[in-house]
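Dear colleague,

Please find below the structure for your examination. My notes on salt bridges and strand pairing follow it.

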Amino acid sequence: LRADWAPGRLAHLHALVLSHNGLSFVSTEAFSHVPHLRHLDLSSNRLRALEENLFSDLTELEVLLLYNNEISSVDRTAFDNLGRLRKLYLGQNRIARFPSELLRDGSRLPQLALLDLSANRLRSLPVGELQALPAWLRDRLYVHGNPLACDCPLFQLVARGRRRQLSAVMDFQDELRCLLPAAPAPVGILALAGRQPLNCSEAKEALLEAHLGDTVTLSCDTRLRGVRNRYWKTPGGEWVSEEGGNGSAALLANGSLQLRGLRPEDTGTYTCWVVGPVLNETLHVELLVHNFTLHGPHDTLNTAYTTLVGCILSVVLVLIYLYLTPCRCCCCRGAEKPPPPRDDSINSSVLSATPNHAAGVPGEPCRSRSASATGPGQNGRFKAGGTPQPPPRHGPKAQRKVSDPDSVSSVFSDTPIVV
């Protein structure tokens, strides 16, 4: 389909059906002659790629059918300028990457309400992004028939869709299958509940946790798009049906319920009734209010910090016990020792754990043993030179031994204490 396929501008053409024509190439200027096209059918051809800005001239397009082709590459700009597109069919192709950019808020397709990606080659889905989508868009997001890998987030996504009666799940439950590593054939995604090896469990549809004094907003995530008739009922049975509300509950313009200054009694299930032109819908949101503030005084010391402080204090107490234990020599209990000589003061320490005490006889004052210059020193160490013994003092105070440089030793010193 080249740019000159039409003889001139077709300003009044609104629908163009080109299915089953064996098309393998479409020029980026092929649709410049039909600017007011609203329905384009390119299904059942042999298209392999969607080039950049391929449909950028179709600003009024609403429905685009591209299923049953051989598309494996989709340029990110292929659907630019399609601000009115509501339905996009890409099923039965070879697409291996989920086009998340088409569904995000403020994306190129703000009016998109149906996206068909069934029977492609998708092996995984961005479950977190899909779960955050509004229900009216998830209602028409078709991903069945893909070789998806089984996991619990995928199961919870599909299980929530079944509980909400979404069309994408209810209409194709049998085709929603996934692959287990050891299974010879695909298994149903909804059959993963309690099944080994995953043993998945369903998550609640809407559970919101908050703390005292917080302000929260409960969303009425309905499948009905553009419905303004929404009514909320609190756990206490009070109705909130007017915008603005009264007290701590207020109904917002988008249908959400805002609660201010949460209290413990605000815990419970809130119900949203949605009244549409064709059908009605009832939604339940469970709110759990913790009985403390988020930044209360109890949060200043968490468990890890408390454990760390306790360990540090324990180490400090052990060190104090090992290094600052006083001398318990029975024979020198009443003796007062003179300060050590100046020339040896640098080698002595108040933290010495194994002080030397001379052997004494009860009833006699303690006498220090003189350090020999040639004999073995303390702990069996040879001492090349010692400090001479100071002359004994006369008086009631006993004589103190000369400070020994080897006295500053660890708590595992082999120095014996002779009593």
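Arg-263 is partly exposed, because its relative accessibility is 40% and the class lies between buried (under 20% relative accessible area) and exposed (over 50%), with a 1.4 Å probe and protein chains only. Its salt-bridge partner is Glu-265, and the closest N and O atoms are 3.6 Å apart; a salt bridge here is a side-chain nitrogen of Lys or Arg within 4 Å of a carboxyl oxygen of Asp or Glu. Glu-265 has a relative accessible area of 52% and is therefore exposed. Elsewhere, Arg-76, Arg-97 and Glu-101 are joined into one network by salt bridges that share partners.

Please note that this is a predicted model, in which local features need pLDDT of at least 70 and side-chain atom pairs count only at pLDDT 80 or more, while totals for chains, interfaces and linings use all residues. Residues are numbered from 1 along each chain as its sequence is written, and side-chain values use heavy atoms, with hydrogens and water left out.

By the rule given above, the count comes to eight salt bridges. One of them joins Arg-138 to Asp-221, at 2.7 Å from N to O. This pair links distant parts of the chain, 83 residues apart: Arg-138 belongs to helix 2 (residues 135-138), and Asp-221 to the loop between strand 13 (216-218) and strand 14. Helices (H or I, at least four residues) and strands (E, at least two) are DSSP runs, numbered from the N terminus. Arg-138 counts as buried because its relative accessibility is 7%, whereas Asp-221, at 22%, counts as partly exposed.

A further salt bridge connects Arg-86 with Glu-62, where the closest N and O atoms are 3.6 Å apart. These residues also link distant parts of the chain: Arg-86 is in the loop between strand 5 (73-74) and strand 6 (87-89), and Glu-62 is in the loop between strand 3 (49-50) and strand 4 (63-65), 24 residues apart. Arg-86 is partly exposed at 35% relative accessibility, and Glu-62 is partly exposed at 25%.

I turn now to the sheets, where two strands are taken to pair if DSSP finds at least two bridges between them. Six strands form an open sheet with parallel pairing, in the order 1-2-4-6-7-8. Strand 1 (15-17) and strand 8 (141-142) each have a single partner strand, so one side of each is left without a neighbour in the sheet. Three bridges pair strand 1 with strand 2 (residues 39-41) in the parallel sense, and Val-17 has Asp-41 in strand 2 as its bridge partner.

Another open sheet has three strands in the order 9-10-11, with mixed pairing. Its edges are strand 9 (148-149) and strand 11 (187-188), each of which pairs on one side only. Strand 10 (residues 177-179) pairs with strand 11 in the antiparallel sense over two bridges, and Arg-177 stands opposite Gly-188.

Which side chains of strand 14 (residues 230-233) are buried? Arg-230 and Trp-232 point to one face and are buried, while Tyr-231 and Lys-233 point to the other and are not. Strand 14 runs antiparallel to strand 18 (residues 268-275), joined to it by four bridges, with Arg-230 opposite Val-274. Two bridges join strand 14 to strand 15 (residues 239-240), also in an antiparallel arrangement, and Trp-232 stands opposite Val-240. Strands 14 and 15 form a hairpin with five residues between them, and Gly-237 in the turn has a positive phi of about 90°.

Yours faithfully
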